[in-house]
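Visitor: Hi! I'm new to reading protein structures. Could you walk me through this one?
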Amino acid sequence: MFEESASLPLLRREKWLEKGIMAGGAFVAVAGLPAGDYGGRITLAVVITCIVAASGGLIFGYDIGISGGVTTMVPFLQKFFPSILKKAGDAKTNMYCVYDSQLLTSFTSSLYIAGLIASVVAGRVTATSGRKFTMVLGGCTFFLGAVVNGASVNIAMLIIGRLLLGFGVGFTNQATPVYLSEVAPPKWRGAFNTGFQFFIGIGVVIANCINFATSKKIWGWRLSLGLAAVPALVMTLGALFIPDTPNSLVARGKVEEAKQSLVKARGEANVDAELSELIKASEMAKSVGEEPFTSIFKRSYRPQLVIGILIPFFQQVTGINVIAFYAPVLFKSVGFGIDSALIAAIILGLVNLGSILVSTFLVDRFGRRVLFLQGGIQMFICQVALAGVLAATTGISGTGQMSKGSSILVLVLMCLYAAGFGWSWGPLSWLIPSEIFPLKIRAAGLSLSVAMNFGITFVLSQTFLAMLCHFKFGAFLFYAGWIAIMTIFVALFVPETKGIPLDSMHLVWKQHWYWHKFVNHEPL
């Protein structure tokens with residue numbers, strides 16, 4: 001059946017695909033025809049390639065995990081932020097406000113402003129030099145930033161190191177998700193793409209464990225920051241040995257290399273039909289002759305642009321990243337000791353990691369929308385409950401003391417919240433933007449999507465500790481409100497993309513109740 005599908009002419013194949021897309025956007029296989037495209041069997045080569053590419057998430061995850069832990073280490077605070085320690089020693093200080101320091105948040109958030117700039121530049125780099133080159137460039141830049149951070153003697157060096165780390169993450173976060181979506185078999189694209197978020201989760205857990213092991217040592221913070229060079233080295237060396245994606249190679253005129261890459265990815269010698277359609281799509285994109293960053297704002301690309309920007313925006317206003325990289329600070333603020341806070345952060349990371357595995361097994365079986373909606377409802381309930389527990393135990397002023405039972409309840413609620421995120425908005429927020437844009441504007445679309453992710457993360461990370469100080473438990477209600485909005489948005493405007501080949505994704509928009517009015521009736 002797969003071979004039969006591959007031999008169908010483009011228009012005929014789109015006809016049976018279109019019949020399989022219901023008005024709401026969900027895909028169901030037409031009798032006798034597969035829901036995927038071109039064989040799509042999982043081969044050892046594609047598994048190894050995707051694991052190496054997904055390891056780009058390690059550097060992002062390691063940084064998320066390491067930042068919050070380092071900022072609770074006494075030797076680090078003594079050297080760079082002594083005012084924090086003085087404030088912590090003041091018995092009258094509101095527990096929510098101990099870590100409210102713009103200089104401290106600048107240390108964390110500076111990475112994200114650099115990532116925003118890099119992600120925009122990365123769009124052009126991936127288009128002209130390929131996905132693989134962009135990942136290698138990002139890994140090298142991140143490695144340099146880790147070395148500078150580990151050797152820092154003043155705040156200026158810390159910030160410079162963070163900026164270099166940000167440039168590295170900006171490049172890899174733009175290139176890796178689209179690499180995974182272009183190489184993976186369409187039927188299993190969701191599972192392979194969640195590998196990126198899985199490696200982010202691994203990075204967070206590793207970083208939290210290292211923070212716990214080094215927290216009592218005077219030079220522990222240097223080791224924690226400097227060891228960021230290791231995941232950068234792993235990802236960079238691995239990327240040197242994997243091929244670029246067939247889509248990228250075709251777009252850059254390297255058809256023979258594209259065929260070889262496709263043969264390795266699909267595990268069969270006869271890939272002429274799929275290669276032919278990649279060439280057609282590339283030629284169609286080039287024939288228009290418009291600048292991708294201009295084309296993407298055309299009315300016909302409105303659905304992809306809106307969803308590609310709002311999905312990463314919504315992912316960040318779930319509050320997950322600020323909770324992840326401020327987890328030790330947050331747990332310490334609500335009554336945990338430093339060791340307990342670091343252990344709680346490790347537990348939170350492990351729960352998130354396990355939930356990403358759940359997503360890997362479910363995303364291509366039940367689809368994207370089911371996970372989005374269920375995860376959103378779960379996160380909303382947990383955030384509201386978390387705010388209620390903190391309000392009841394610490395009071396409106398935030399000066400009350402939490403009991404051991406209340407602290408455990410806070411940890412349980414945060415774990416349930418992290419689980420809901422881990423199998424929904426975590427991996428899916430990287431997957432959806434990487435699969436909805438047509439080839440012509442894919443690099444530009446991913447650049448804007450990643451730039452939005454970094455931009456919002458910068459704003460939230462720069463303001464979270466101040467928000468925690470002033471809003472107290474209300475900060476969690478703030479995020480709960482956004483989670484309610486994004487869940488409604490998904491229910492109404494995000495179509496199902498499960499099993500749809502990338503070159504036929506335009507059919508999803510044609511059949512959607514709202515977006516059909518914006519798109520053309522021919523392949524985009």
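Guide: Happy to, and we can go from the whole chain to some helix pairs and then to a few single residues. One thing to keep in mind is that this is a predicted model.

Visitor: Okay, so how many helices and strands does the chain have?
Guide: There are 26 helices and zero strands.

Visitor: And how much of the chain is buried?
Guide: Of the 524 residues in the chain, 61% are buried.

Visitor: What about contacts between residues that are at least 6 apart in sequence: what share join residues at least 24 apart?
Guide: That share is 81%.

Visitor: Let's look at some helices. What do people use to describe two packed helices?
Guide: Two numbers: the angle between the axes and the distance between the axes.

Visitor: Try it on H21 and H22. At what angle do their axes cross?
Guide: Roughly 160°. Helix H21 covers residues 368-394, helix H22 covers residues 404-422, and their axes come within 8 Å.

Visitor: Which term fits that, roughly parallel or roughly antiparallel?
Guide: Roughly antiparallel. An angle over 145 degrees counts as that, so the pair qualifies. As for handedness, H21 and H22 make a left-handed crossing.

Visitor: Which residues meet there?
Guide: On the H21 side they include Gly-375, Met-379, Cys-382, Leu-386 and Val-389. On the H22 side, Leu-409, Val-410, Leu-413, Tyr-417 and Phe-421 are among them.

Visitor: How many of the residues in that contact are nonpolar, polar or charged?
Guide: The contact of H21 with H22 has 14 nonpolar residues, six polar ones and no charged ones.

Visitor: Now H9 and H10. How do they pack?
Guide: Helix H9 (residues 155-183) and helix H10 (residues 189-214) have axes 8 Å apart, at an angle of about 155°. That makes the two helices roughly antiparallel. The crossing of H9 and H10 is right-handed.

Visitor: Which residues make the contact?
Guide: H9 contributes Asn-173, Thr-176, Pro-177, Leu-180 and Ser-181. From H10 come Arg-189, Phe-192, Asn-193 and Phe-196. Sorted by class, this contact of H9 with H10 holds four nonpolar, four polar and one charged residues.

Visitor: How does H9 pack with H24?
Guide: H9 and helix H24 (residues 439-471) have their axes 10 Å apart and make an angle of about 135°. The two are therefore oblique to each other. H9 crosses H24 in a right-handed way.

Visitor: And who's touching whom there?
Guide: On H9, the residues are Val-169, Gly-170, Asn-173, Gln-174, Val-178 and Glu-182. H24 brings Leu-439, Arg-442, Ala-443, Leu-446, Ser-447, Val-450 and Phe-454. Together, the residues of the contact of H9 with H24 split into seven nonpolar, four polar and two charged.

Visitor: Switching to single residues. Where is Ser-429, and is it buried or exposed?
Guide: Ser-429 sits in helix H23, which spans residues 425-436. It is buried, because its relative accessible area is 4% and the cut-off for buried is under 20%.

Visitor: What lies 2.6 Å from a polar atom of its side chain?
Guide: The backbone oxygen of Trp-425. If you skip neighbours within four places in sequence, Ser-429 is in contact with Ile-311, Gln-315 and Ser-424.

Visitor: What about Ile-218, buried or exposed?
Guide: Exposed, since Ile-218 has 68% relative accessibility. You'll find Ile-218 in the loop between H10 and helix H11. Its C-alpha is 8.1 Å from the C-alpha of Phe-76, although the two residues are 142 apart along the chain.

Visitor: And Leu-240, which residues does it touch?
Guide: Not counting residues up to four places away in sequence, Leu-240 touches Lys-132 and Val-136. Leu-240 belongs to helix H12 (residues 229-240), and with a relative accessible area of 44% it is partly exposed. Between Leu-240 and Val-136 the C-alpha distance is 7.0 Å, with their positions 104 residues apart in sequence counted as separation.

Visitor: One last one: where is Ala-156?
Guide: Ala-156 is in helix H9. It is partly exposed, at 46% relative accessible area. Ala-156 and Phe-107 are 49 residues apart in sequence, and their C-alpha atoms are 9.7 Å apart.

Notes
Residues numbered from 1 in each chain as written. Predicted model: local features only at pLDDT ≥ 70, side-chain atom pairs only at ≥ 80, totals over all residues. Heavy atoms only, no water. Helix = DSSP H or I, 4+ residues; strand = E, 2+ residues; numbered from the N terminus. Buried < 20%, exposed > 50% of the residue type's maximum accessible area, 1.4 Å probe, protein only. Polar contact = N/O pair within 3.5 Å; in protein donor to acceptor, adjacent residues only side chain to side chain. Contact = heavy atoms within 4.5 Å. Axes fitted to C-alpha atoms, helices over the stretch in contact; angles between N-to-C directions. Parallel < 35°, antiparallel > 145°, perpendicular 65-115°, else oblique. Left-handed = near helix turned anticlockwise from the far one by under 90°. Nonpolar A, V, L, I, M, F, W, Y, C, P; charged D, E, K, R; others polar.
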